[in-house]
Structure formats: structure tokens, C-alpha cells
Amino acid sequence: MLKNGNGLAWPGGKRIAVMITIDFAGEFLRYSLLGEDGTGFSDRSRGLYAQHEGLTRLLDMLKRVNQKATFFVAGHIVDDYPESVQAIIQAGHELGCCGYEYVQLQGASLDEFAQDLHKGRHSLEQALKDAGKSQKEFGYRAPFGSLSEVSLKMLDDESYVYDSSLCDCDWAYVHKDSELVELPQECGIDDFSYFYFSYADKLTITDNNPSSYVYNIWKDYFDELAEEGDKVFVLKLHPQLIGRASRIRMVERLIAYMRKEGAWITTCSEVASYVKAYNEEHQVPADYPCMTVQEVLAAVNRPELRADFWKGGENNAMA
């Protein structure tokens, strides 16, 4: 087997770290794609399904299986739908920041990014305060992965513990010259890829795949990553999409399967804290995915990891 991870061992002999993450942006998910003026009443109603029904169905499922998740909540949602956000907090789930407006930020200036970040974080902290609760650590996820190196530096400067915006590998790592842990995501385990439906886009999008079809894809993702042993599985969900009938039962079934197969299923901050502590103890180099294979092997100096890389034979890029 070709091993391309950092050899990290998960607690209690678990095979893989799994995070159930939810992007809760309601109708703002669609505004970010189409613009508010370009989002018709029907499409807006699909976004509102999150607040009206999808979120409750999702929270009920998580309660049934006694599973904590990480909810990335847009600040605008906090201010416009406080009861929905209070339901998440009272259920004991973790909050993560995804800005205030839930807009794509590729072309944003540093000041614009800072303003959106601070306003979104303030809304989350106020919601926690209103609930009589607090949260020491926060992470960030950029809408549609619209992140830059400058953004990463600001997250580090603002003492964010982790980011979950990038897609550069299947394992968790600490950014170079930073305290920020990256928990990479992947569009293949994102419900948006299979269930986003809209008549308002220039080309009508009718992604409405059967739940059983998506279950098998996600199960295969999990099985392969769990076999490799040092990977993360960041499941990315949206209440307006996954919260539809039948889909939520599919996720419940997947959680049961992953637990049975040795997954450590926890929040993003728990995984980030573990990764930082493990890397410090084992002197794993920072910014691991950005190093060449040769640099990694020299830095880690672990014969068993070197042997795993070489097992790929003629098909291995190192051979």
C-alpha cells in the first residue's frame, strides 16, 4: 500500500478521525452563488428549508445516535434566526465560524476579510453568551473554500485553532510557521455535490441522487481512508440538503457503520488539539503536504514510514 500520510496514530487505536461538519447558511448559501437579486422565491425557499425543517431533523438524528458535531454557522443566520442557533448550542454541539455574509472571498481585500471574520465571530460569541455558555476554541471554514494565504495568517493571528477550507490532502497537518491546524475537506464527501438543486442557475442544476447511491460512495471513501490509518474523514453537510427525508437516515446508517469499523468520531476542535499535541510529541514537521517526499522522509527520519513509501514499486513516484 502506498502511504502518503504522516503516520499519525489516533487515540485508543482508532483507525481514522471522522468529523461530522455542518455548514448552516440557509438561503445565504444560494445568495452566494446567484446573488440575492438572482435568487427567485422558489430557490430561496429551498434555502429556508434548513431553518424550517432540515435542521430539526438533523439535530434529532444526532441526538438519537449521541453524536456531537461541528456547525459552521454564518453570522447572518445567527442574527436572523436566533432560535435555530440556540437549538444547536443547547444540544451541545460545537460552533465554527464561516464569516458573516457567507460570501465567496477570493477577491476580497484583507480589510474586507477581517471585517467579515470579526463580525461573524462576534455573532457566534453573542449567541453563546445568550445561552449562558462559552466556547474557548474556534475554527474557520471559508465559503466554497475561498481562502488565501493572507487569510490563513489572519486566522492564526486571531488565535483560531483550525481551518477546514483546503483540499490538498487527506490528513490533518499544522501550517508552517503557524499554530493553525488544517482539517482538509473533499467535495466527494460533501452533500452539495449530490443534492444541490436549482432552477435559477444559468444551467439548471438537478442533483437529486438516490440516498443509497451516495451512501455507497461515502462508505467507499471511508473504507479506503480507514485502511490507510492516518487520515481524516471530514463529512460536510448542509441542513437544507441532507435534512430532507430519507437522506438523514442514510447519514445515521453511515455513522453506525463508521463506529463499527473503528472510527473516532468527534468535533473539529478535538481533532485539531490532538493533532497539535501528537505533532509536538513526535516532532512531525509543519506544513507537511507542501514538502517533497524526500524532505518528509529526511525530516521525520522514520524507517517504517520510508519503507511504506517504497512499497509502491514501479508505480511509486519515488521508485
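**Figure 1. The largest cavity of the predicted model.** In this predicted model, the largest cavity has a volume of about 60 Å³. The structure holds one cavity of 30 Å³ or more. Its lining is formed by C169, D170, P184, Q185, E186, I189, Y221, L225, V232 and V234. Two elements, helix α8 (211-228) and strand β10 (232-237), each give two or more residues to this lining. By residue class, the lining consists of seven nonpolar residues, one polar residue and two charged residues. Rolling a probe the size of a water molecule over the atoms shows where empty space is left.

**Figure 2. The largest nonpolar core, with I20 and its contacts.** The largest nonpolar core comprises 89 residues. Within this core, I20, F71, V73, Y140, W218 and M258 touch the most other members. The close-up is centred on I20, which is in contact with Q67, A69, T70, L235, L237, I255, M258, I265 and T266 when neighbours within four places in sequence are set aside. M258 thus appears both among the core members that touch the most others and among the contacts of I20. In soluble globular proteins, nonpolar side chains tend to be buried together. Over the whole chain of 319 residues, 54% count as buried.

**Figure 3. V161 in the loop between α6 and β5.** V161 is located in the loop that joins helix α6 (149-157) and strand β5 (162-163). Although placed in a loop, V161 has a relative accessibility of 13% and therefore counts as buried, the cut-off for this class being under 20%. Beyond four places in sequence, V161 touches E137, F138, E179, L180, V181 and A272. One of these partners, F138, is 23 residues away in sequence, and the C-alpha atoms of V161 and F138 lie 6.0 Å apart.

**Figure 4. Two residues with positive phi, S159 and D177.** Most residues other than glycine have a negative phi, and most peptide bonds are trans. S159 has a positive phi, near 65 degrees, and is not a glycine. This residue belongs to the loop between α6 and β5, which also holds V161. S159 has a relative accessible area of 54% and so counts as exposed, whereas V161 is buried. D177, likewise not a glycine, has a positive phi of about 55 degrees. It is situated in the loop between β6 (173-174) and β7 (181-182). With a relative accessibility of 76%, D177 is classed as exposed, because that class begins over 50%.

**Figure 5. Helix α6, with S151 and M154.** Both residues of this view belong to helix α6: S151 and M154. S151 is buried, with a relative accessible area of 7%. Along the chain S151 and S109 are 42 residues apart, and 9.6 Å separates their C-alpha atoms. M154 has a relative accessible area of 14% and is therefore also buried. Not counting residues up to four places away in sequence, M154 touches L110, F113, A114 and L117. L110, one of these partners, is 44 residues from M154 in sequence, with a C-alpha to C-alpha distance of 8.6 Å.

**Figure 6. Q126 in helix α5.** Q126 is part of helix α5 (residues 110-130). Its relative accessible area is 33%, so Q126 counts as partly exposed. V78 is 48 residues from Q126 in sequence, and the two C-alpha atoms are 9.0 Å apart in space.

**Figure 7. Confidence along the chain.** The chain has 13 helices and 11 strands. Its average pLDDT is 82, and 77% of the residues score at least 70. Among the elements, strand β11 (residues 263-266) has the highest mean pLDDT, at 98, and helix α13 (residues 303-310) the lowest, at 43. The pLDDT is below 50 over residues 290-297, a stretch with 13 contacts in the model beyond near neighbours in sequence. Residues 299-303 also stay under 50 in pLDDT, and the model gives them 10 contacts beyond four places in sequence. Of the contacts in the chain between residues at least 6 apart in sequence, 71% join residues at least 24 apart.

Technical notes. Residues numbered from 1 in each chain as written. Predicted model: local features only at pLDDT ≥ 70, side-chain atom pairs only at ≥ 80, totals over all residues. Heavy atoms only, no water. Core = buried A, V, L, I, M, F, W, Y, C linked by side-chain atoms within 4.5 Å. Buried < 20%, exposed > 50% of the residue type's maximum accessible area, 1.4 Å probe, protein only. Contact = heavy atoms within 4.5 Å. 1 Å grid on protein atoms, 1.4 Å probe; cavity = no way out; pocket = protein on both sides within 12 Å on 5 of 7 lines; lining within 4 Å. Points joined across faces, edges and corners; volume = space filled by probe spheres on them. Helix = DSSP H or I, 4+ residues; strand = E, 2+ residues; numbered from the N terminus. Nonpolar A, V, L, I, M, F, W, Y, C, P; charged D, E, K, R; others polar. pLDDT = per-residue confidence, 0-100.
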